[in-house]
Structures are given as structure tokens and as C-alpha cells.
Amino acid sequence: MKKLIIANWKMNPVSLKEAESFFSFFKKEEKNIKNVEVVICPPFVYIESLAKRFKIQDSRFKIGSQDCFWENQGAYTGEISPLMLKNLGVEYVIVGHSERRNYLGETDEIISKKIKSVFENGLIPVLCVGETLEQKEKGLAEEIVRKQLEKDLKNVSSFMIQDSRLIVAYEPIWAIGTGNDCQPKDALEIIKHIKNILDSRFKIHDSRLLYGGSVDPGDATNYLKYPEIEGALVGGASLKTEEFKKIINEVSKSAKTESA
């Protein structure tokens, strides 16, 4: 299976013109992308324009969303439903990102509702899990990740997950934007732990597991050289065109070497 690179633009850029410029840069590189899958997750307000202008349905690049609500419609001011996203051509939805858990108070109960709704609409959730620095220092990383998975996936059946696929991104919160790197071998151990939980607790055997702790061109292949780490969730570097291009190219070359 190809490695999966997901670009999370977060609340950037500030204009559609800039968003189209970023996307145009990557589209020019499309013909060179053969060993990786790439998903771009822009802010909601740019999704429709990008999908139409760059003909996403016929592209190697896919469009994802950074979040969604858990109902398809209704009196929920300011929210975006998974059905709306699906109708725009979105295929992937990030759910439970650490920034939403931290800044917006999203609980595992809320995340569980969102995951269920994403599956019900035939979209692919990218579930984010990970521990804080305090939890890591107390030796609680594996326990925190296990509890998050159990709570976040409690409302969905293994059949629903297997039919729609599942992506889990391990993002150690203490390594995001702090300069504190999570060593590749440490990331690998947690990802193996996640795989074991999905296999034993949920009977899910074909999920895709990503790493998402401030990935940059210098360390991307150090994480993705392990078969168990099947891709990366990229934040800040995905808005720096040359850096993101390097990440894609390095992962692509690495994957080509492995398959040779």
C-alpha cells in the first residue's frame, strides 16, 4: 500500500488567492507523484473552489476536511456537516485533532459522535490520538492512547469501520510545534500499540496508521521507513511549498526503493 501524506493547513492561508496558489504549485508536481497518496485539508471556505478549479475527482490529490459536525443538517449555527462535505467531493475528515481537544474543549464523547457520522456518510475519518508532555513523563502514553481509542470508537461497529476504512494518526502533543522531537523508534512503539488495540479490541485489521508530530523534510523518511508507519499528518510544513514538495519526493523515493 502507498504511503499517505495528509496536509493539514489549519487556519491558513488568509485568502482564496493564496490557497489556489499553494494548490497550483502542487498540481504542477502531480505527474511526479507515483508512490504516495496526497490529501490536502484546507479551511472549509476554500474546499469548493479548490475542488472545482483543480478537478479533484480526476486528480491524484484528494481533498480532506479539518473537522465536521455529527449531524447532517439542523439548527447548529456555524457547523459543517459530513454530508455537506461529501457533496463537495471531500473524502477524508480529520477528527479529534489535539488543537480541537485543547483549545475548543472537544471531548472523546463528541469525537465519538463525529466518527460515527463520518462513517455513516461513507467518508474516511483520520482520528488523531496522543498524549501531553505531563502524561508522557508519568509513563501514561500507552494508557492515554488506549483510552482515547476505546472512547472515540465505542459507537461504531467493526463492520462499519471495515467498510469505510479508518486512519489513525498518532500525534504526541508535546512534540507539536515545540522543538521536542519524538524519536522514530518511540513513535513506532506507540503505533504498534495502536495497531494491537485495533486488532484485539475492535477486530480492525486493515486500518492505516500515520505519524503526526511536526513532520518536516529532514525527518519524514526516518519515521516512514518503518512499514508499520504508513504515512504522515503534516502541519506547518505543508504550507511551505518547497518543504512539502521535499517531503513528498523523499517519501516517494523511499517507497520506490522499498518496492524495487
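**Note on the parallel strands, a helix contact and selected residues**

1. Lys3 stands opposite Val36 in S2. The chain crosses from S1 to S2 through helix H1, residues 16-28, and this β-α-β crossover is right-handed. The model is a predicted one. The pairing to which these strands belong joins strand S1, residues 3-8, to S2 in the parallel sense, over six bridges.

2. The loop between S1 and H1 contains Pro13. The peptide bond joining Asn12 and Pro13 is cis, with omega about -10°. Anyone preparing this model for further calculation will find that bond in the S1 to H1 loop, where Pro13 is placed.

3. Strand S2 covers residues 36-41, and its pairing with S3 is parallel, over three bridges. Two residue pairs can be named here. Val39 stands opposite Lys62 in S3, and Val38 has Phe61 of S3 as its bridge partner. Between the strands comes helix H2, residues 44-53; S2, H2 and S3 together make a right-handed β-α-β unit.

4. Is S2 enclosed or open? Five of its six residues are buried, so S2 is largely enclosed by the rest of the structure. Strand S3, residues 61-65, can be described in similar terms: four of its five residues are buried, so S3 is largely enclosed by the rest of the structure.

5. On to the pairing of S3 with S4. Strand S4 takes in residues 92-95, and S3 pairs with S4 in the parallel sense over two bridges. Ser65 has Val93 in S4 as its bridge partner. The connection uses helix H3, residues 82-87, and S3, H3 and S4 make a right-handed β-α-β unit.

6. Ile63 is a residue of strand S3. Its relative accessibility is 1%, and because buried means under 20%, Ile63 counts as buried. What does Ile63 touch, leaving aside its neighbours within four places in sequence? The contacts are Phe23, Val39, Ile40, Pro42, Ile47, Leu50, Ile56, Gly89, Val90, Glu91 and Tyr92. For one of these residues, Ile47, a distance can be given: Ile63 and Ile47 are 16 residues apart in sequence, with 7.4 Å between their C-alpha atoms.

7. The next point concerns two helices. Two packed helices are described by the angle between their axes and the distance between the axes. For helix H5, residues 108-120, and helix H7, residues 141-152, the axes come within 8 Å and cross at roughly 50°. H5 and H7 are therefore oblique to each other. On the H5 side the contact is made by Asp108, Ile111, Ser112 and Ile115, and on the H7 side by Gln148, Lys151 and Asp152. By class, the residues of this contact of H5 with H7 divide into two nonpolar, two polar and three charged.

8. Two non-glycine residues with positive phi should be listed. Lys203 has phi near 60°, a positive value in a residue other than glycine. Lys203 is placed in the loop between helix H9, residues 184-202, and strand S7, residues 208-211. With 48% relative accessibility, Lys203 counts as partly exposed.

9. Ser214 is the other entry: its phi is near 55°, again a positive value in a residue other than glycine. Ser214 sits in the loop between S7 and helix H10, residues 220-224. The relative accessible area of Ser214 is 32%, so Ser214 is partly exposed.

10. Strand S7 itself holds Tyr211. Is Tyr211 buried or exposed? At 1% relative accessibility, Tyr211 counts as buried. Leaving aside neighbours within four places in sequence, Tyr211 is in contact with Tyr170, Pro172, Ala175, Cys182, Ala187, Ile191, Tyr223, Ile229, Gly231, Ala232 and Leu233. Tyr211 and Leu224 are 13 residues apart in sequence, and their C-alpha atoms are 8.3 Å apart in space.

How values were computed:
Residues numbered from 1 in each chain as written. Predicted model: local features only at pLDDT ≥ 70, side-chain atom pairs only at ≥ 80, totals over all residues. Heavy atoms only, no water. Buried < 20%, exposed > 50% of the residue type's maximum accessible area, 1.4 Å probe, protein only. Pairing = 2+ DSSP bridges. Right-handed = clockwise from strand over helix to strand, strands pointing away. Axes fitted to C-alpha atoms, helices over the stretch in contact; angles between N-to-C directions. Parallel < 35°, antiparallel > 145°, perpendicular 65-115°, else oblique. Contact = heavy atoms within 4.5 Å. Nonpolar A, V, L, I, M, F, W, Y, C, P; charged D, E, K, R; others polar.
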